[in-house]
Amino acid sequence: MIDRRHLIRLALAAITLTTAAVVPPRLALAEGGYQRFVPLLVELSGWEGGKPEGMTMEVSGASMVTATRNYQRGEAHVDAQMVTGPAAQVALAATSADMKIESGEGRMSSDAIDGFRVMRTYTFSDKSGGIVIALGERALFSLSFSGIDDVEALAIAKRFDWKAMQAISSK
């Protein structure tokens, strides 16, 4: 069975690939591109952080920016990512309504946390999941994780400055 986190990633990839196939992308390496998000992908105490990476892409007048950083602590992994543009807009649909679902396999919820719309998924068997924070209509911050529980993952997500991310993504 495919969990929600994988479904969201597949949807984002399908949208990006479909758009790129129709109109060749123009990669923009401008100073205002993904580099503006890199300082927000902070060091996490107790975790080894990888080098932040990113991409700015323009397709048919629409711009998409991604900035990603991976973290590892033993067998546990955390991937932090900021996304702006059409791909973020599609993924944000899941954060719009309050919901709470729990089964023997895992749980999924969407509600407001600290004034932000947040969707969380968690799979019990492999201690993995994802958190998506709506930063605006076309911007999100996501944290996917494995090897830790969802309570710790939310605490880690809160170590990132959502308000600063929201302010920079709206520019």
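Ring pairs join Tyr71, Phe141 and Phe160 into a cluster, and this cluster is a convenient starting point for reading the model, which is a predicted one. A search of the whole structure finds five aromatic pairs. Phe141 and Phe160 are also among the residues that touch the most other members of the largest nonpolar core, a set of 33 residues. The points below go from the rings to the core, then to the strands and helix α4, and finally to residues in loops.

**Aromatic pairs**

- A pair of aromatic rings is described by the distance of the centres and the angle of the planes.
- The rings of Tyr71 and Phe160 have centres 6.2 Å apart and planes at 70 degrees, and the pair is therefore classed as edge-to-face. This pair links distant parts of the chain, since Tyr71 belongs to strand β4 (residues 62–73) whereas Phe160 lies in the loop between α3 (150–157) and α4 (162–169), 89 residues apart. Both Tyr71 and Phe160 are buried.
- Phe116 and Trp162 form another edge-to-face pair, with 5.6 Å from centre to centre and 85 degrees between the planes. Here too the pair links distant parts of the chain, with Phe116 in strand β8 and Trp162 in helix α4, 46 residues apart. Phe116 counts as buried because its relative accessibility is 5%, and Trp162 is likewise buried, with a relative accessible area of 5%.

**Nonpolar cores**

- Within the largest nonpolar core, of 33 residues, those that touch the most other members are Ile131, Leu135, Phe141, Leu143, Phe160 and Trp162. The elements that contribute two or more residues to this core are β4, β5, β8, β9, β10, α3 and α4.
- Leaving aside residues up to four places away in sequence, Phe141 touches Leu41, Ala80, Gln81, Met82, Ile131, Val132, Ile133, Leu135, Ala157, Phe160, Trp162 and Met165.
- Apart from the largest core lies another, of 12 residues, which includes Val59, Leu92, Met119 and Ala134.

**Strands β8, β9 and β10**

- Strand β9 (128–136) is largely enclosed by the rest of the structure, because eight of its nine residues are buried.
- On one side of the pairing, β9 runs antiparallel to β8 over six bridges, and Thr123 stands opposite Ser128 in β9.
- Strand β9 also pairs in the antiparallel sense with β10 (residues 139–146), over eight bridges, and Ser128 stands opposite Ser146 in β10. The hairpin that β9 and β10 form has two residues between the strands, while the hairpin of β8 and β9 has four.

**Helix α4**

- The buried residues of α4 are Trp162, Met165, Ile168 and Ser169. They cover an arc of only 130 degrees around the axis, and so they lie on the same side of α4.
- The cover over these buried residues of α4 includes β5 (76–84), β7, β8, β9, β10 and α3.
- At the start of α4, a side-chain oxygen of Asp161 comes to within 3.3 Å of the backbone nitrogen of Lys163.

**Loop residues and positive phi values**

- Most residues other than glycine have a negative phi.
- Asp114, which is not a glycine, nevertheless has a positive phi of about 50 degrees, and its place is in the loop between β7 (106–113) and β8 (116–123). Asp114 counts as exposed because its relative accessibility is 55%.
- Lys127 also takes a positive phi, near 45 degrees, and is placed in the loop between β8 and β9. With a relative accessibility of 38%, Lys127 counts as partly exposed.
- Val42 is found in the loop between β1 (26–27) and β2 (48–49), and at 26% relative accessibility it counts as partly exposed. The C-alpha atoms of Val42 and Arg69, which are 27 residues apart along the chain, are separated by 8.8 Å. Not counting residues up to four places away in sequence, Val42 touches Arg69, Tyr71, Arg159 and Phe160, so that its contacts include Tyr71 and Phe160, two members of the ring cluster described at the outset.

Terms used. Residues are numbered from 1 along each chain as its sequence is written. This is a predicted model: local features need pLDDT of at least 70, side-chain atom pairs count only at pLDDT 80 or more; totals for chains, interfaces and linings use all residues. Side-chain values use heavy atoms; hydrogens and water are left out. Buried means under 20% relative accessible area, exposed over 50%, partly exposed in between (1.4 Å probe, protein chains only). Rings of Phe, Tyr and Trp (its six-membered ring) pair if their centres lie within 6.5 Å; planes under 30 degrees apart count as stacked, over 60 as edge-to-face and the rest as tilted. Two strands pair if DSSP finds at least two bridges between them. The arc is that of the directions from the helix axis to the C-beta atoms. Contact means heavy atoms within 4.5 Å. A polar contact is a pair of N or O atoms within 3.5 Å; within protein, one must be able to donate a hydrogen and the other to accept it, and residues adjacent in sequence count only if both atoms are side-chain atoms. A nonpolar core is a set of buried Ala, Val, Leu, Ile, Met, Phe, Trp, Tyr and Cys residues joined through side-chain atoms within 4.5 Å.
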